Amino acid sequence: MAEKSRIKLNINGKIYTLLHDEPEDYMRRIEHFLNTRVSAASKSGIQLGEHTAVIMASISIVDELFKTQKNFNTLKNEIKRMMDEYDRLKIEKQDLEDQLTNAENQIDNLNKQLIIAKQGY
């Protein structure tokens, strides 16, 4: 298990000390993202208190997360459907190749029989 590091993040003017096992630049991206969202919620035209702005940003982020999860699940199901279709088509291709081989063998046999029949005349 990776050793946890301590980092101080400034979110909406407040310092939060967190333990984490992610690279610092990743944590700074989170800090920037949260501050951008809180700032956007604060500038929505409605006078929001600090706590309300953070809650509104959180709701927006969770809404985006849920929609992303839904899209991910939809795409995952579509990929599964396509993989199942691919497997079905592979089997169908093999069946068609087998039928072609059988048909070619039948043509060869019929050609041989035709040659033998012509030699008999």
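1. Which residue forms a salt bridge with Arg37, and how many Å apart are the closest N and O atoms? The partner is Glu64, and the closest N and O atoms of the two residues are 2.3 Å apart. Arg37 lies in helix α1, which covers residues 24-42, while Glu64 belongs to helix α2, which covers residues 50-119, so this salt bridge ties together parts that are 27 residues apart in sequence. As for their surroundings, Arg37 is buried, with a relative accessible area of 17%, whereas Glu64 is partly exposed, with a relative accessible area of 39%.

2. A word on confidence belongs here, since the structure is a predicted model. The average pLDDT of the protein is 93, and 98% of the residues score at least 70. Among the elements of the protein, the lowest mean pLDDT, 94, is that of α1, and the highest, 96, is that of α2; these are the two helices that the pair Arg37 and Glu64 ties together.

3. A search of the whole structure finds eleven salt bridges, and two further examples can be followed within helix α2. In one of them, the side chains of Arg81 and Glu78 meet at 2.7 Å, N to O, and these two residues of helix α2 are three residues apart, which is about one turn of the helix. Arg81 is partly exposed, its relative accessible area being 45%, and Glu78 is likewise partly exposed, at 35%.

4. The other example in helix α2 is the salt bridge between Arg88 and Glu85, whose closest N and O atoms are 2.7 Å apart. Arg88 and Glu85 are three residues apart in this helix, so about one helical turn separates them. With a relative accessibility of 41%, Arg88 counts as partly exposed, and Glu85, with 30%, counts as partly exposed too. Elsewhere, Glu24, Arg28 and Glu31 are joined into one network by salt bridges that share partners.

5. Where on the surface might a reader look for nonpolar side chains? Ile55, Met56 and Ile59 make a nonpolar surface patch of about 260 Å², and of these residues Ile59 is found in helix α2, the helix that also holds Arg81 and Glu78.

6. His20 deserves a separate look, as a residue of strand β2 that counts as buried, its relative accessibility being 8%. A polar atom of the His20 side chain lies 2.8 Å from the backbone oxygen of Glu22. When residues up to four places away in sequence are not counted, His20 touches Glu3, Lys4, Ser5, Arg6, Ile7 and Met27.

7. What is the sign of phi at Asn12? The phi of Asn12 is positive, at about 55°, although this residue is not a glycine. As a general matter, most residues other than glycine have a negative phi. Asn12 is placed in the loop between β1, which spans residues 5-11, and β2, which spans residues 14-20. With a relative accessibility of 28%, Asn12 counts as partly exposed, whereas His20, in strand β2, counts as buried.

Conventions. Residues are numbered from 1 along each chain as its sequence is written. This is a predicted model: local features need pLDDT of at least 70, side-chain atom pairs count only at pLDDT 80 or more; totals for chains, interfaces and linings use all residues. Side-chain values use heavy atoms; hydrogens and water are left out. Helices (H or I, at least four residues) and strands (E, at least two) are DSSP runs, numbered from the N terminus. Buried means under 20% relative accessible area, exposed over 50%, partly exposed in between (1.4 Å probe, protein chains only). A salt bridge is a side-chain nitrogen of Lys or Arg within 4 Å of a carboxyl oxygen of Asp or Glu. pLDDT is the predictor's confidence in each residue, from 0 to 100. Patches are made of residues with over 30% relative accessible area and no salt bridge: like charges are joined within 9 Å, nonpolar side chains (Val, Leu, Ile, Met, Phe, Trp, Tyr) within 5 Å. Accessible areas come from the Shrake-Rupley method with a 1.4 Å probe; for residues, only the protein chains shown count as cover. A polar contact is a pair of N or O atoms within 3.5 Å; within protein, one must be able to donate a hydrogen and the other to accept it, and residues adjacent in sequence count only if both atoms are side-chain atoms. Contact means heavy atoms within 4.5 Å.
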